[in-house]
Amino acid sequence: MKYSVIIPVFNRPDEVDELLESLTGQTEKDFDVVVVEDGSANPCEEVCRKYADRLSIHYFAKDNSGPGPSRNYGVERAEGDYVLILDSDCVLPPGYMEAVSKELESDPCDAFGGPDRAHESFTQVQKAISYSMTSFFTTGGIRGGKKKMDKFYPRSFNMGVKRSVYNALGGFSRMRFGEDIDFSIRIFKGGYKCRLFPDAWVWHKRRTDMDKFFRQVFNSGIARINLMKRHPGSLKLVHLLPAAFTVGVILLLVLSLILRFLGSWIWIYTLLPIEIYCLLIFIDSSVKNKSMSIGILSVEAAFVQLFGYGFGFIKAWWQRCVLNKGEFSAYEKNFYD
């Protein structure tokens, strides 16, 4: 068998239903599906049974251990030459598998990943969050699916690995967050070839509200410091920008309040950089999404993303680099469902 699709799931049967339905419509049929229930209180076993006559599907339930070990559990039971790692909140277009096959036939590689998009059925909040995660003005476009001069690090929502390479690297670590980047770094350290497949994209729902989105990116900021500790030299200038943005905005707000309290009219201009940034986000998102309301929500999503990541990064830096605490110390009470 050519591919095995690995889907770890935790309390999301409805999402799994949509993902499995999209797998039934693939133009490339040479794959099986391995669903790993990671200690869910709301399991998806009944959902998986619905597709037994349309997919080669295998369902396994285990105690909760996090996404990385759950993917490893699934790969151990997979049959494909390549394992395709997907998050349960993804939906595939019909040509996804075919796009992967075309890329592998034209230029074989050991590991790969694809970008994500927002489906027209997504809520306005989901579309705004998707924009903030892929826009040049928020992430520099590093998650928007464009080929770049530097290395491409696949993310676990849409990642493929040759099974022999996966096994040689020992799979994912037990990191609770950032485990996909840790794995990607080890792929490069192992001397394996990794590429972006621009046409192998997925619809990715991400978080459904701003509170969950904040917790997600907060934990991502923590994970970046943990990755730096595991892989010295992996921290780049771009990873510092959300923390710099967070501190910069807070300083500008404090300065404007002080100047206003002192009666100086200059306080108005201290907020100009923030206002220009908001305007850029609003215009760009409104045009791309053809909706001014999504443009407004995208401004909120951009600040949630940058502040969430920035605060998580700063907290983890303080606890791990200053106080020398352990890897999981900064995650206390910060997991999200």
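Contact, for this talk, means heavy atoms within 4.5 Å. Keep in mind that this is a predicted model.

Let's start with two helices. H10 covers residues 237–261, and H12 covers residues 272–289. Their axes come within 9 Å. The crossing angle is roughly 130°. That value makes H10 oblique to H12, because it falls in neither the 65 to 115 range nor the range over 145.

Which residues in H10 meet H12? Phe245, Val249, Leu252 and Leu253. On the H12 side, the partners are Pro273, Ile274 and Tyr277. What is the character of this contact between H10 and H12? Seven residues are nonpolar, with no polar and no charged ones.

H12 comes up again with helix H5, residues 124–134. H5 is mostly covered. Eight of its eleven residues are buried. Here they are: Gln126, Lys127, Ala128 and Ile129, then Ser130, Tyr131, Ser132 and Met133. So what do the buried residues of H5 pack against? H12 is one of the partners. Three other helices are on the list: H6 at 136–139, H9 at 210–230 and H13 at 292–322. Strand E7, at 116–117, is there too.

E7 takes us to the sheet. This is an open sheet of three strands, in the order E5-E10-E7. The pairing is mixed. E7 is an edge strand, and so is E5, at 90–91; each pairs on one side only. E5 runs antiparallel to E10, residues 202–204, and the two pair over two bridges. One residue pair to look at on screen: Val91, with Trp203 in E10 as its bridge partner.

Definitions and conventions. Residues are numbered from 1 along each chain as its sequence is written. This is a predicted model: local features need pLDDT of at least 70, side-chain atom pairs count only at pLDDT 80 or more; totals for chains, interfaces and linings use all residues. Side-chain values use heavy atoms; hydrogens and water are left out. Axes are lines fitted to C-alpha atoms, for helices over the stretch in contact, and angles run from 0 to 180 degrees between N-to-C directions. Helices (H or I, at least four residues) and strands (E, at least two) are DSSP runs, numbered from the N terminus. Angles under 35 degrees count as roughly parallel, over 145 as roughly antiparallel, 65 to 115 as roughly perpendicular and the rest as oblique. Ala, Val, Leu, Ile, Met, Phe, Trp, Tyr, Cys and Pro count as nonpolar, Asp, Glu, Lys and Arg as charged, and the others, Gly among them, as polar. Buried means under 20% relative accessible area, exposed over 50%, partly exposed in between (1.4 Å probe, protein chains only). Two strands pair if DSSP finds at least two bridges between them.
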